[in-house]
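Me: I want to learn how to read a hydrophobic core and the strands around it. Can we work through one example?

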Amino acid sequence: MTIDHLPGDRARHLAAQPLAYAPTGMIDGPTPPGFTRLQRSRASTRRDLDALGRDLLSWQVQARSGFDVRATDIPLRLGTDVEMRLGPGRLGLRIPCRVVEVVEESDRVGFTYGTLPGHPEEGEERFLLERDVQGQVVMTVSAISRPAMAVARLVSPVVGLLQTAMADRYLRVFDR
């Protein structure tokens with residue numbers, strides 16, 4: 001799929017939007033009522049954290065997972081707005097988010113984005129690469145969310161299965 005810069009008019013529209021949930025940083029706290037948690041991890045076959053981190057911070061994981069990605073910043077930084085699209089053309093599901101955390105440490109690289117209005121869910125999702133003492137790099141995808149759209153609330157068990165399947169897809173493609 002493609003990775004490109006977000007057009008100016010769409011970037012201005014997203015920049016004017018508040019996050020679709022509160023408070024920021026909820027992924028690290030207790031689970032609020034109505035929200036569910038997800039956490040999945042997988043070890044990489046590669047050991048080059050720097051290269052894997054560059055890929056992660058430039059939206060490669062999302063693109064390799066089938067999303068068209070348009071972002072205000074490539075590579076991402078704190079405050080980057082992104083609009084991913086899954087599916088064909090105008091019929092595709094639009095998924096707007098804002099980067100609310102970036103981690104760039106010697107043994108950890110990652111980011112968290114929060115949902116913006118129009119996202120099918122409300123909450124945060126984190127993508128974190130960590131190198132252990134043996135040099136193995138592990139990617140963890142974590143999320144805390146609840147359905148935002150009425151149709152998603154009606155089929156919330158299915159939405160949960162889709163979110164788990166998507167997290168597993170991210171983990172399968174991250175070290176290509």
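Reply: Yes. Keep in mind that this model is predicted. Start with the core. In soluble globular proteins, nonpolar side chains tend to be buried together. Here the largest nonpolar core has 31 residues, and Trp59, Phe111 and Met139 touch the most other members.

Me: Which elements give two or more residues to this core?

Reply: The helices are α2 (49–57) and α5 (156–173). The strands are β3 (68–71), β4 (81–86), β5 (93–104), β6 (108–115), β7 (121–131) and β8 (137–147). The largest share, five residues, comes from α5.

Me: What does Trp59 touch, not counting residues up to four places away in sequence?

Reply: Its contacts include Ile3, Val69, Ile74, Leu76, Val82, Val99, Phe111 and Tyr113. Asp73 and Thr80 are also among them. Apart from this core lies another, of five residues, including Tyr21, Ile27, Phe35 and Ile144.

Me: Now the strands. How does β5 pair with β4 and β6?

Reply: β4 and β5 run antiparallel, joined by six bridges. Glu83 has Pro96 in β5 as its bridge partner. The two strands form a hairpin with six residues between them, and Gly87 in the turn has a positive phi of about 110 degrees. β5 and β6 are also antiparallel, over seven bridges. Cys97 stands opposite Thr115 in β6. This hairpin has three residues between its strands.

Me: Arg98 lies in β5. Is Arg98 buried or exposed?

Reply: Arg98 has 15% relative accessibility, so it counts as buried; the cut-off is under 20%. Its side chain reaches the backbone oxygen of Gln17 at 3.0 Å. Arg98 is also in contact with Leu14, Pro18, Asp81 and Tyr113, among others.

Technical notes
Residues numbered from 1 in each chain as written. Predicted model: local features only at pLDDT ≥ 70, side-chain atom pairs only at ≥ 80, totals over all residues. Heavy atoms only, no water. Core = buried A, V, L, I, M, F, W, Y, C linked by side-chain atoms within 4.5 Å. Buried < 20%, exposed > 50% of the residue type's maximum accessible area, 1.4 Å probe, protein only. Helix = DSSP H or I, 4+ residues; strand = E, 2+ residues; numbered from the N terminus. Contact = heavy atoms within 4.5 Å. Polar contact = N/O pair within 3.5 Å; in protein donor to acceptor, adjacent residues only side chain to side chain. Pairing = 2+ DSSP bridges.
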